[in-house]
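Thanks for asking me to look this one over. Here are my notes, written so that you can follow along with the structure open beside you.

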Amino acid sequence: MAYVIASACIDVKDGECQVVCPVECIYEGGRMMYIHPTECISCGLCLSVCPVDAIFIDDELPPHEQHYLAVNAEFFGEGVTGWGAPGGASEKYRTDLDHAEVAAFLRREEAVS
Ligand code: SF4
Ligand code: SF4
């Protein structure tokens, strides 16, 4: 069981969750943060500070956000960063890359124009 960041974080990415995570398992990508699926200890602290309610425990993801379980996990795989399990976020493990699903997500200003 792990927490998952979903689409509401895209282009918000204010970092509040990173500040409170006790095991530093929240990693910064280009447009959103990603939670490492095996490093997360499911303490729930991040969920309590997210201003846009982007964070869910994996089995409570809304139906339309279910794919973010894979999006968070795959961010660490060869298809995106290839980081595997770095053991904690740091300047070395910060990137402008995103999972393809997130990279293709319509920018909010484009969505309303
Ligand atoms: S649930 Fe806890 S350990 Fe997991 S990402 Fe959130 S703050 Fe970090
Ligand atoms: S607190 Fe929420 S909006 Fe802010 S970076 Fe974390 S998941 Fe994204």
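The points below go from the ligands to the core, the aromatic rings and a few single residues.

1. A word on the source before anything else: this is a predicted model. Please read each distance and angle in this note as a value computed from that model.

2. Let's start with ligand 1. It has 13 residues around it, and the nearest are Cys21, Cys40, Cys43, Gly44 and Cys46. By character, the shell around ligand 1 splits into eleven nonpolar and two polar residues, with no charged ones.

3. Ligand 2 also deserves a look. It is surrounded by 13 residues, with Cys9, Asp14, Gly15, Cys17 and Cys50 the closest. Its shell holds nine nonpolar residues, one polar residue and three charged ones.

4. One of the residues nearest ligand 1 is Cys21, so where does cysteine 21 sit, and is cysteine 21 buried or exposed? Cysteine 21 belongs to the loop between helix 1 (16-20) and strand 2. Its relative accessible area is 11%, and because buried means under 20%, cysteine 21 counts as buried. If you want a distance to check on screen, the C-alpha atoms of cysteine 21 and isoleucine 41 are 9.5 Å apart, with the two positions 20 residues apart along the chain.

5. Next, the nonpolar core. The largest one contains 32 residues, and Ile5, Ile26, Met32, Ile35, Ile55 and Tyr68 have the most contacts inside it. Strand 1 (3-5), strand 2, strand 3, strand 4 (55-57) and helix 3 each give two or more residues to this core. Tyrosine 68 is a good place to zoom in: beyond its neighbours within four places in sequence, tyrosine 68 is in contact with Val4, Ile5, Ala6, Ser7, Ile10, Met32, Glu101, Val102 and Phe105.

6. The aromatic rings are worth some time. The whole structure has seven aromatic pairs. In one of them, the ring centres of tyrosine 27 and tryptophan 83 are 6.0 Å apart and the planes meet at 45°, so this pair is tilted. The two partners come from distant parts of the chain, 56 residues apart: tyrosine 27 is in strand 2, and tryptophan 83 is in the loop between helix 3 (68-74) and helix 4 (100-103). Both tyrosine 27 and tryptophan 83 are buried.

7. A second pair, tyrosine 34 with phenylalanine 75, is stacked, with 3.7 Å from centre to centre and 5° between the planes. This pair, too, links distant parts of the chain, since tyrosine 34 is in strand 3 and phenylalanine 75 is in the loop between helix 3 and helix 4, 41 residues apart. Tyrosine 34 is buried at a relative accessible area of 0%, and phenylalanine 75 is buried at 0% as well. Which residues do the ring pairs link into a cluster? They are Tyr27, Tyr34, Phe75, Phe76, Trp83 and Tyr93.

8. Now for a charged side chain. Arginine 31 lies in the loop between strand 2 (26-28) and strand 3 (33-35). With a relative accessible area of 7%, arginine 31 is under the 20% limit and therefore buried. A polar atom of its side chain lies 3.0 Å from the backbone oxygen of valine 102. Leaving out residues up to four places away in sequence, arginine 31 touches a list of residues that includes Cys9, Asp11, Lys13, Asp98, Val102, Phe105 and Arg107.

9. Threonine 95 is in the loop between helix 3 and helix 4 and is buried, with a relative accessible area of 13%. A polar atom of the threonine 95 side chain is 3.0 Å from the backbone nitrogen of leucine 97. Beyond four places in sequence, threonine 95 touches Glu28, Gly29, Gly30, Phe75, Thr81 and Trp83.

10. Finally, two backbone angles to check. Lysine 13, in the loop between strand 1 and helix 1, has a phi near 40°, which is positive in a residue other than glycine. Glutamate 24 is not a glycine either, and its phi is positive at about 55°. Glutamate 24 lies in the loop between helix 1 and strand 2 and is partly exposed, with a relative accessible area of 45%.

How values were computed: Residues numbered from 1 in each chain as written. Chains lettered and ligands numbered in written order. Predicted model: local features only at pLDDT ≥ 70, side-chain atom pairs only at ≥ 80, totals over all residues. Heavy atoms only, no water. Near = heavy atom within 4 Å. Nonpolar A, V, L, I, M, F, W, Y, C, P; charged D, E, K, R; others polar. Helix = DSSP H or I, 4+ residues; strand = E, 2+ residues; numbered from the N terminus. Buried < 20%, exposed > 50% of the residue type's maximum accessible area, 1.4 Å probe, protein only. Polar contact = N/O pair within 3.5 Å; in protein donor to acceptor, adjacent residues only side chain to side chain. Contact = heavy atoms within 4.5 Å. Phe/Tyr/Trp six-rings, centres within 6.5 Å; stacked < 30°, edge-to-face > 60°. Core = buried A, V, L, I, M, F, W, Y, C linked by side-chain atoms within 4.5 Å.
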